[in-house]
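Ready for some practice in reading a protein model? Work through each exercise with the structure open beside you, and try each task before you look at the solution.

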Amino acid sequence: MAHPTLQELTTGVTPSSPYYLGEGITDLLPEKLAAHRFDDLFLVCGEGVRDLLARPLARRLEAAGLPVTLLVVPEGERNKSWAGLTELCERLVQAGATRQSVVLALGGGMVSNLTGMAAGLLYRGIRYVDVPTTLLGLTDGTLSNKQAVNGRGGKNQFGLYHPPLFVWADVAHLRSEPVAGHRSGLVEAVKNGLVHDADWFDRLAGRLTPDLRAVHDDLLDTCHLIVRSKLAVLATDPTERSRAVVLEYGHTVGHAVEFLCGDLPHGVAVGIGMCAAARVGVRLGITPPEVLDRQEWVLGERLGLPVRLPPRCTPERVLGIIRTDNKRRSSEETRLILLAAVGRVHTGPDGDVETPVPESVLKTVLQEG
């Protein structure tokens, strides 16, 4: 039987953090791990993948002579917290982790962030490997080299940059994810086109339907294209500190909505935030109305996702969260990524890709829904 094809990409950080992509490649993971020196492996997973994915992976590693300790963490954004982080760090220490250990994160973005943050803090930083099991994690979260936990007042308020030793992106893991999770993950792929590549936006839109048939028929190729669409933005700014901040399009309002709702998938919340940002852009005369129309058509009609604030997220509550946003620079205004066209972000006279938006304008837009 032929070995599955293993593609190697990179997130662009130094030293290199390889991104290995393929379908059915999990059997190749022990060999890749064995190329690195370590004393012990610690596999951290979410409750939802413990039996289906984590235990079989642990058995594969042990069969290859790589003993591993399995640690299960509770899932959900409420557990991506200081308390959850402290608990995981203490469990790793008690289980015998040292500076020479490697931690594997198996799960979605919450597990990835929590584990990456713990690895970044433990003994001032130990190595970890990201093994995403969701479409959003595989095509977006694992590429950002950022780790964070939520605070009492908002998402990702406390974090650090800690790239993985490598990312092991097996598309086979996505086959067990519900379609709703895939729809959520595809929002970030749509965003990549909106902020950077109009041709990719059009190409992806042609593949999208609420049942995602075309995506699932060629899932590996679709994931490969999505990953490359984000890497194209990260090419000169892999830690998203300057130009690549355009990837935050929709996240200011989206993070507030996600934090307030608690059970709303990240991509769904970001899609709502993207539409709010586009309406702000239209109101300020920056974004052409047809850009908003095309964006809402792809998100609402092609993906079947909401494009307006949920009833429980009042404008006042959303603004309250935004005032403590982790990207906020001023108490008097909010800075948003706005579109000048599909595939092109509005840039100010000083080259800044973030546009100051008076709170009164943002509040008006949020009140409209």
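## Getting started

UniProt, in an unreviewed entry, places the feature "domain: 3-dehydroquinate synthase N-terminal" at residues 71-178. Over residues 71-178 the chain is 29% helix and 31% strand, and the end C-alpha atoms lie 24 Å apart. Keep in mind that this is a predicted model.

## Exercise 1: Aromatic pairs

Task: Classify the ring pairs Tyr 20 with Phe 166 and Trp 82 with Phe 158, then place each pair in the chain.

Solution:

Step 1. A pair of aromatic rings is described by the distance of the centres and the angle of the planes. The count here comes to four aromatic pairs.

Step 2. For Tyr 20 and Phe 166, the centres are 5.6 Å apart and the planes meet at 75 degrees, so this pair is edge-to-face. The cut-off needed here is an angle over 60 degrees.

Step 3. Now locate the two rings. Tyr 20 belongs to strand β2 (residues 18-22) and Phe 166 to strand β9 (residues 166-170), so the pair ties together parts that are 146 residues apart in sequence. Both Tyr 20 and Phe 166 are buried.

Step 4. Turn to Trp 82 and Phe 158: with 5.3 Å from centre to centre and 50 degrees between the planes, this pair is tilted. Trp 82 is in helix α3 (residues 82-94) and Phe 158 in strand β8 (residues 154-161), so parts that are 76 residues apart in sequence are tied together by the pair. Trp 82 is partly exposed at 42% relative accessibility, and Phe 158 is partly exposed at 34%.

Step 5. Finally, look for a cluster: ring pairs link Tyr 20, Phe 166 and Trp 168.

## Exercise 2: The two faces of a helix

Task: Work out how the buried residues of helix α7 (residues 198-207) are arranged.

Solution:

Step 1. List the buried residues of α7: Trp 200, Phe 201, Leu 204, Ala 205 and Arg 207.

Step 2. These residues cover an arc of only 155 degrees around the axis, so they are on the same side of α7. Here is the background: an α-helix has 3.6 residues a turn, so residues three or four places apart point the same way.

Step 3. Check the other face. Turned away from the buried side are the exposed residues Asp 199 and Gly 206.

Step 4. Find the packing partners: the buried residues of α7 pack against α6 (179-196), α8 (213-217), α9 (219-234) and α12 (289-302).

## Exercise 3: A serine and its partners

Task: Which residues does Ser 229 touch, not counting residues up to four places away in sequence?

Solution:

Step 1. Start with the setting: Ser 229 lies in helix α9. At a relative accessible area of 10%, Ser 229 is buried, since the cut-off is under 20%.

Step 2. Leaving out residues up to four places away in sequence, Ser 229 touches Asn 192 and Trp 200.

Step 3. Add the polar contacts. The side chains of Ser 229 and Asn 192 are joined by one of 2.9 Å, and those of Ser 229 and Trp 200 by one of 3.5 Å.

## Exercise 4: Positive phi

Task: Where in the chain are Tyr 123 and Leu 212, and is each buried or partly exposed?

Solution:

Step 1. Most residues other than glycine have a negative phi. Phi is near 55 degrees for Tyr 123 and near 55 degrees for Leu 212.

Step 2. Tyr 123 is found in the loop between α4 (109-121) and β6 (127-132), and is partly exposed at 33% relative accessibility.

Step 3. Leu 212 lies in the loop between α7 and α8, and is buried, with a relative accessible area of 0%.

Conventions. Residues numbered from 1 in each chain as written. Predicted model: local features only at pLDDT ≥ 70, side-chain atom pairs only at ≥ 80, totals over all residues. Heavy atoms only, no water. Phe/Tyr/Trp six-rings, centres within 6.5 Å; stacked < 30°, edge-to-face > 60°. Helix = DSSP H or I, 4+ residues; strand = E, 2+ residues; numbered from the N terminus. Buried < 20%, exposed > 50% of the residue type's maximum accessible area, 1.4 Å probe, protein only. UniProt positions renumbered as here; feature names shortened; annotations may be inferred. Arc of directions from axis to C-beta. Contact = heavy atoms within 4.5 Å. Polar contact = N/O pair within 3.5 Å; in protein donor to acceptor, adjacent residues only side chain to side chain.
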